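Here are a few friendly notes to read with the structure open beside you. Take them one at a time and find each residue as you go.

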Amino acid sequence: MVAFYPRTEALPGLADTGIDAFLRQFRGETTFTMWLGVVLAALVFHLSPLFTVFVPLPAFFLPASLRDKHAQRIGNTNLYLVKQAMLVLKLPAGLCWGRDPEVRKRFAMSAYAPDPETWRTT
């Protein structure tokens, strides 16, 4: 997920937004099917550099420049199922990144109020 939202001079990256805590919360609140989709999409991402950057290594072993190129290419693929898998992977990442107060500040948006935790029924 971090490869899809890298840090830039203007914006913090996903690694700066508390993704580990967010994923623990997301796992606890989402359905099994959605979580399975995220896990399988992560596997597709990590096992596919051979087809995008022609290196037979998992994405987590790639140098930063190749990992960035891999994320760019797999995110823009024309293979529908792979594209949808990357969408499933980007969705929780985007939720985490977009809720970060520093990211919202950079877009002149106010920070979200704390979660009232009132909607949960279980």
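1. Begin with the first helix. The cover over the buried residues of α1 includes α2 and α5 (80–99). Please keep in mind that this is a predicted model.

2. Which residues of helix α1 (residues 19–29) are buried? They are I19, F22 and F26. Looking down the axis of α1, you will find these buried residues within an arc of 60°, so they line one face of the helix. Turn to the other side of α1 and you meet D20, R24 and G28, which are exposed.

3. Now move on to the surface. F32, L36, V39, L40, L43 and L47 make up a nonpolar patch there, and together they have about 570 Å² of accessible area. One of them, V39, belongs to helix α2 (residues 32–47). V39 has 33% relative accessibility and counts as partly exposed, because that class lies between the buried limit of 20% and the exposed limit of 50%.

4. Next comes a point about backbone angles. Most residues other than glycine have a negative phi. F54 has a positive phi, near 60°, and is not a glycine. You can find F54 in the loop between α3 (49–52) and α4 (64–75). Is F54 buried or exposed? Its relative accessibility is 63%, so F54 counts as exposed.

5. A108 is worth a look as well. Its phi is also positive, near 60°, in a residue other than glycine. A108 sits in the segment after α6 (101–106), and with a relative accessible area of 72% it is exposed.

Definitions and conventions. Residues are numbered from 1 along each chain as its sequence is written. This is a predicted model: local features need pLDDT of at least 70, side-chain atom pairs count only at pLDDT 80 or more; totals for chains, interfaces and linings use all residues. Side-chain values use heavy atoms; hydrogens and water are left out. Helices (H or I, at least four residues) and strands (E, at least two) are DSSP runs, numbered from the N terminus. Buried means under 20% relative accessible area, exposed over 50%, partly exposed in between (1.4 Å probe, protein chains only). Patches are made of residues with over 30% relative accessible area and no salt bridge: like charges are joined within 9 Å, nonpolar side chains (Val, Leu, Ile, Met, Phe, Trp, Tyr) within 5 Å. Accessible areas come from the Shrake-Rupley method with a 1.4 Å probe; for residues, only the protein chains shown count as cover. A salt bridge is a side-chain nitrogen of Lys or Arg within 4 Å of a carboxyl oxygen of Asp or Glu. The arc is that of the directions from the helix axis to the C-beta atoms. Contact means heavy atoms within 4.5 Å.
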